[in-house]
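Before reading the notes that follow, please take a moment to look over the sequence and the structure shown here. The briefing starts with the chain as a whole and then turns to single strands, helices and residues.

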Amino acid sequence: MHLLTAQAGSIDDGTDPIDLGQTPGDIVVLTSADTEIAGLARAKEANKNNAQSTFPSLRLANILNLSHNYSVDLYIEQTLSQAKLIVIRVLGGPSYWQYGLDEVTRLARANNIKLAVISGSAYKDETLDSYSTIKTKQADQLWAYLVEGGPDNYANFLKTTAHLIDPNQKSPSPAKPLPKAGLYWPGESKLTLEKLQTEVWQN
């Protein structure tokens, strides 16, 4: 069997297994959204800059690189087996990543690893709830942070994961909804429609 080594930006087409070569971490997040991976990585870096040196180690990976069953087995052995919390964002229901869900759930239950399996879309998928080992309410909170997105929500997502594996860590506030649309004008940091009408347009 030909085994590929994952490269940044590469996605497995399912033909050959991929070795992500990722070292273990306390928290592992799997998602198919590169924007979430980038956002969480930036939030982790910002957290480090805020002198939060005790924050758990974090590993991020694109679930699309784990489409081959052997890739899943290898990732479980090398990375997930030593995690304290695993968060998996699944787009398309359990059947989209059935082997992976079954194997990771088996690992989590056998080794007392906290597991959150959440929807990969903006709509909750209740068929995923039974795979999680944490409370549904806790998994929904993690999902809400990623659905809303933005720096604050990504930061609070990480804080919540830290709280889940260490209750002494402060639990953050719920997800903050982001505006679906906004106003932009060069030089104006806080622009409202009223200000645009009375000040900007008149000038």
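## Briefing on the predicted chain

In this predicted model, the secondary structure comes to 6 helices and 6 strands. Followed along the sequence, these elements appear in the pattern β-β-β-α-β-α-β-α-β-α-α-α.

**The chain as a whole**

- The chain has 203 residues, and buried residues make up 41% of them.
- Among the contacts with a separation of 6 or more, 67% are between residues that lie 24 or more positions apart in the chain.
- The exposed area of the chain is about 11,400 Å², and carbon and sulfur atoms supply 51% of that area.

**Confidence in the model**

- The mean pLDDT of the chain is 87, and 78% of its residues reach 70 or more.
- The pLDDT is below 50 over residues 8–12, although this stretch still has 10 contacts in the model beyond its near neighbours in sequence.
- Where pLDDT is low, the predicted coordinates should not be read in detail.

**Strand β5 and its partners**

- Strand β5 covers residues 85–90 and is joined to β6 by 6 bridges, with the two strands running parallel.
- Within this pairing, valine 90 stands opposite serine 119, which belongs to β6.
- Between β5 and β6 the chain passes through helix α3 (residues 98–111), and this β-α-β crossover is right-handed.
- Strand β5 also pairs with strand β3 (residues 27–31), again in the parallel sense, and here the pairing extends over 4 bridges.
- In that second pairing, leucine 85 of β5 is the bridge partner of isoleucine 27.
- Because 6 of the 6 residues of β5 are buried, the strand is largely enclosed by the rest of the structure.
- In a regular strand the side chains alternate between the two faces of the sheet.
- In β5, Leu85, Val87 and Arg89 point one way while Ile86, Ile88 and Val90 point the other way, and all of them are buried.
- Strand β6 (residues 114–119) has 5 of its 6 residues buried, so this strand too is largely enclosed by the rest of the structure.

**The loop before β6**

- Asparagine 112 is found in the loop between α3 and β6.
- With a relative accessibility of 72%, asparagine 112 counts as exposed, because the cut-off for that class is over 50%.
- Most residues other than glycine have a negative phi.
- Asparagine 112, although it is not a glycine, has a positive phi of about 55°.

**Helix α2 and tyrosine 75**

- Tyrosine 75 has its place in helix α2, which covers residues 69–78.
- The relative accessible area of tyrosine 75 is 2%, so this residue is classed as buried, a term that applies under 20%.
- Leaving aside neighbours within four places in sequence, tyrosine 75 is in contact with Leu20, Gln22, Val28, Leu30, Ala61, Leu66 and Leu80.
- Tyrosine 75 and leucine 20 are 55 residues apart along the chain, yet their C-alpha atoms are separated by 7.1 Å.
- The buried residues of α2 are Ser71, Val72, Leu74, Tyr75 and Ile76, and what covers them includes β2 (18–19), β3, β4 (58–62) and α3.

**Where helices α1 and α5 touch**

- Alanine 43 lies in helix α1, which covers residues 34–49, and at 10% relative accessibility this alanine counts as buried.
- Not counting residues up to four places away in sequence, alanine 43 touches Tyr154, Ala155 and Leu158.
- Alanine 43 and leucine 158 are 115 residues apart in sequence, while in space they are 7.8 Å apart, taken from C-alpha to C-alpha.
- Helix α5 has 15 residues (residues 151–165) and should span 21 Å at 1.5 Å a residue, which agrees with its end C-alpha atoms being 22 Å apart.
- An α-helix has 3.6 residues a turn, so residues three or four places apart point the same way.
- The buried residues in α5 include Asn153, Tyr154, Asn156, Phe157, Leu158, Thr160, Thr161, Ala162 and Leu164.

Definitions and conventions:
Residues numbered from 1 in each chain as written. Predicted model: local features only at pLDDT ≥ 70, side-chain atom pairs only at ≥ 80, totals over all residues. Heavy atoms only, no water. pLDDT = per-residue confidence, 0-100. Contact = heavy atoms within 4.5 Å. Buried < 20%, exposed > 50% of the residue type's maximum accessible area, 1.4 Å probe, protein only. Areas by Shrake-Rupley, 256 points an atom, 1.4 Å probe, with all protein chains shown as cover. Pairing = 2+ DSSP bridges. Right-handed = clockwise from strand over helix to strand, strands pointing away. Expected span 1.5 Å × (residues − 1).
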